[in-house]
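Q: Please choose a single part of this model, look at it closely, and then set it in the context of the rest of the chain. I would like one connected account rather than a list.

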Amino acid sequence: MIIKDLIILGCSAQYSTRFRNNGAYLLRWNREGFLFDPGEGTQRQFIFAEIAPSTVTRIFISHFHGDHCLGLGAILMCLNLDRVKRPIYCYYPSSGKVYFDRLRYGTANKNDIQVIEYPVSKEGVVHKDDKFTIEAKFLDHRVDNIGWRITEADSIKFDKEKLQAKNISGIQVRDLQ
Ligand SMILES: [Zn+2]
């Protein structure tokens, strides 16, 4: 099933409130799960949203103020407990490497999952494949802060009725692509 949606797991800043968790945003895009800025309590928000944390394939930290990253360690722990086999890609401002490591290795839990880090020090493309491109751009804030842009690769869609009218089908359609 193809899913493309944005789940707001939390939208509070700095302090959680009775009804609003610290920020965390999950963009489900085909087989990818992009998790942005997992604040404290993100792991529990997945339960309320009825989404498995193992949906996450890539994690983005805009900056290392606590409300944008304190849930990172718990999410990685969770993925570890779930024995996720595929790699988890993590993108963050390189000046925050020390904080990333503290959050990732802050407990005695095992770290068996494959975490592939992309500390970003300059703007531009940080990932590109045949499905999408991820770009980083530094934004104004008191600490290094990155905005991310994800662009879906162009694809060709055919009008089925017009194909049928021209008697084009099967492998011929593939050849046209
Ligand atoms: Zn901040």
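A: Two strands are taken as paired if DSSP finds at least two bridges between them, and that criterion is what the part chosen here, a hairpin and the sheet to which it belongs, rests on. The model is a predicted one, and the description below should be read accordingly.

The hairpin is formed by strand 7 and strand 8, with three residues between them. The two strands pair in the antiparallel sense over four bridges, and one of the pairings places Val 125 opposite Glu 135 of strand 8. On to the next pairing: strand 8, which covers residues 132-138, is joined to strand 9 by seven bridges, again with an antiparallel run. Within that second pairing, Ala 136 has Trp 148 of strand 9 as its bridge partner, while Phe 138 stands opposite Ile 146 in strand 9.

Taken together, these three strands make an open sheet in the order 7-8-9, with antiparallel pairing. Strand 7 (124-128) and strand 9 (146-152) stand at the edges with a single partner strand each, so one side of each is left without a neighbour in the sheet. Neighbouring strands in this sheet are turned against each other by 25 degrees on average, if direction is ignored. As general background, the strands of a sheet pair through backbone hydrogen bonds, in either a parallel or an antiparallel arrangement.

Nonpolar packing gives a second view of this region. A core of 13 residues, separate from the largest one, includes Phe 34, Val 120, Val 126 and Ile 150; of these, Val 126 falls within the range 124-128 of strand 7 and Ile 150 within the range 146-152 of strand 9. The largest nonpolar core has 24 residues, among which Leu 26, Leu 35, Phe 46, Ile 59 and Ile 88 touch the most other members. Strand 1, strand 2, helix 2, strand 5 (88-93) and helix 3 (97-104) each supply at least two residues of that larger core, and the largest share, four residues, comes from helix 2. In soluble globular proteins, nonpolar side chains tend to be buried together.

Leu 26 illustrates how the larger core draws on several parts of the chain. Once its neighbours within four places in sequence are set aside, Leu 26 is in contact with residues including Leu 6, Ile 7, Leu 9, Phe 34, Leu 35, Phe 46, Ile 51 and Val 56. Phe 46 leads on to helix 1 (residues 42-49), whose buried residues are Thr 42, Gln 45 and Phe 46. Viewed down the axis of helix 1, these buried residues fall within an arc of 110 degrees, so they line one face of the helix. They pack against strand 1 (4-10), strand 2 (24-29), strand 3 (32-36) and helix 2 (72-81), whereas the face of helix 1 turned away from the buried side carries the exposed residues Arg 44, Ile 47 and Phe 48.

The backbone has two points that deserve attention. Most residues other than glycine have a negative phi. Glu 50, however, has a positive phi of about 55 degrees although it is not a glycine; Glu 50 lies in the loop between helix 1 and strand 4 (58-60) and counts as exposed at 73% relative accessibility. Asn 167, likewise a residue other than glycine, has a positive phi near 60 degrees; it is found in the loop between helix 4 (160-165) and helix 5 (171-176), and it is exposed, with a relative accessible area of 65%.

The zinc site should be mentioned too. The protein donors of the zinc ion are His 63 (NE2), His 65 (ND1) and His 141 (NE2), at 2.1 to 2.2 Å from it, and their spacing along the chain is H-x1-H-x75-H. His 63 is buried at 3% relative accessible area, while His 65 is partly exposed at 22%; the cut-off for buried is under 20%.

As for the whole, the protein has five helices and nine strands, and 38% of its 177 residues count as buried. Its C-alpha atoms fill a box of roughly 60 × 35 × 35 Å along the principal axes. Of the contacts between residues at least 6 apart in sequence, 52% join residues at least 24 apart.

Note on methods
Residues numbered from 1 in each chain as written. Predicted model: local features only at pLDDT ≥ 70, side-chain atom pairs only at ≥ 80, totals over all residues. Heavy atoms only, no water. Axes fitted to C-alpha atoms, helices over the stretch in contact; angles between N-to-C directions. Donors = N, O, S within 2.8 Å, 3.2 Å for Na, K, Ca; no water. Buried < 20%, exposed > 50% of the residue type's maximum accessible area, 1.4 Å probe, protein only. Arc of directions from axis to C-beta. Contact = heavy atoms within 4.5 Å. Core = buried A, V, L, I, M, F, W, Y, C linked by side-chain atoms within 4.5 Å.
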